[in-house]
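Visitor: I should like to learn how to read side-chain features in a structural model. Where might we begin?

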Amino acid sequence: MIPNAVSGGDGYAALDGQRLAQALALATQAIGLSEPNPRVGCVIADAQGRMVGEGHTQRVGGPHAEVMALRAARAAAGDTALRGGTAWVTLEPCAHHGRTPPCADALIAAGLARVVIAMRDPFPQVAGRGIARLRDAGITVVEAPPDSDLCRQAQDLNIGFFSRIERGRPWVRMKIAGSLDGHTALPDGRSQWITSMEARNDGHAWRRRATAVLTGLGTVLADDPLLDVRALATDVQPWPLVLDSRWQCPPGARLLARADCCIAGLDDAALADDDEARVRREKLRAAGVRLIELPAAGQPTRAHASAAMPHAHHTDRPRPDLGALMRTLAASPVNELHVEAGAMLNGSLLAGGWVDELLIYMAPRWLGEGRGLAALAPDPQALAAQPAWHWEAIDRIGSDVRLRLRRTQP
């Protein structure tokens, strides 16, 4: 019997919350490891309630959390210890053959009596099927209360996975470092360093969560960044993505030395008579750079018709359809897209409603004249029509303040 269980032994108990919290802590160890698979943790106890195994999701193609926990339990206590035991897992066990066999089948074969999950998996090939398979095998399945803090933490840990599956687009997190007067750089573009080392390291921790890091051509020309994770260890680096409408990224850019670099720009129809842009694109392709060719905003394609997206340039030149970019990234698949760009691209993404979360690091200094956080154009509409944001957290990071906001859903 499970200690501290409610009457009947089948309901959600205080101990279940504690064990799921343990599993959630394990799941965080899959950050920078399991992408784009969800980050999942699992702990297992024998029939007497003694903890015998734990694990978290490994690299794509490797074991899932449940299999890792089962292996650890067998190594520690043998197969018979699992009979009648309980598993606590942060996401519904999979029920389909992907790169690995179904985890639900592995739990059934182990002879467990009870499985407690924090959240259902929205992936179409799972979506309740894992729970149904366990119950059909006679296993009691208990789900955590959907309004609990633990469920919110479990969802936040995989917020990009949920976004990709349920909305067909990545979760877009924009990081900006600026001064008290709202500038990201001096007028000549110098910005190293506005914020403290602690803030920069914290930014790398958020970058590590992402499948891809997006920047614009202007940032490549001004800073020649690498956009990798250097401040802390990671097993999987997010891949860099440059939005470069007319394929002008210089061949010597450090990003192009990365085998995983990708550039997104306009397709043939949008380039019209710009032969030079097409030549530059083909040179990038010949050099082995991955390319994403996008229609112009407002230009229908065979697959879809996109509404015109506002952008930060007063020009008639076509701009890439950001909606098409997001759909392409979701199919890649990209769960969390981390944006570190300049005012122009920031403005385009914000004006188009593509940003879900903001990380703003504010340094205790004034720059006077300088480059802004985001260039919004055309002129802002009425205040009441602007998208609202809500505060998630305000934290001291070194000598700076980190503001974290999320867009209020309509």
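Guide: We begin with burial: a residue counts as buried when its relative accessible area is under 20%. The model shown here is predicted. In it, F162 has a relative accessibility of 5% and therefore counts as buried. F161, likewise at 5%, is also buried.

Visitor: How many aromatic pairs does the structure hold?

Guide: In general, a pair of aromatic rings is described by the distance of the centres and the angle of the planes. This structure holds 1 aromatic pair. F161 and F162 form that pair, with 6.1 Å from centre to centre and 80° between the planes, an edge-to-face arrangement.

Visitor: How many disulfides are counted, and why is C249 not bonded to C261?

Guide: A disulfide is a covalent bond between the sulfur atoms of two cysteines. The count here comes to 0 disulfides. The cysteine sulfur closest to that of C249 belongs to C261, and because the distance is 6.4 Å, it is too far for a bond; the cut-off is 2.5 Å. C261 is accordingly in no disulfide, its nearest cysteine sulfur being that of C249.

Visitor: Are these two cysteines buried or exposed?

Guide: C249 counts as buried, at 5% relative accessibility. C261 is buried as well, with a relative accessible area of 2%.

Visitor: Which residues lie over the faces of W88 and W239?

Guide: R19 lies over the face of W88, 5.7 Å from the ring centre. Over the face of W239 lies R290, at 4.4 Å from the ring centre.

Definitions and conventions: Residues numbered from 1 in each chain as written. Predicted model: local features only at pLDDT ≥ 70, side-chain atom pairs only at ≥ 80, totals over all residues. Heavy atoms only, no water. Buried < 20%, exposed > 50% of the residue type's maximum accessible area, 1.4 Å probe, protein only. Phe/Tyr/Trp six-rings, centres within 6.5 Å; stacked < 30°, edge-to-face > 60°. Lys NZ or Arg CZ within 6 Å of the ring centre and 35° of its normal.
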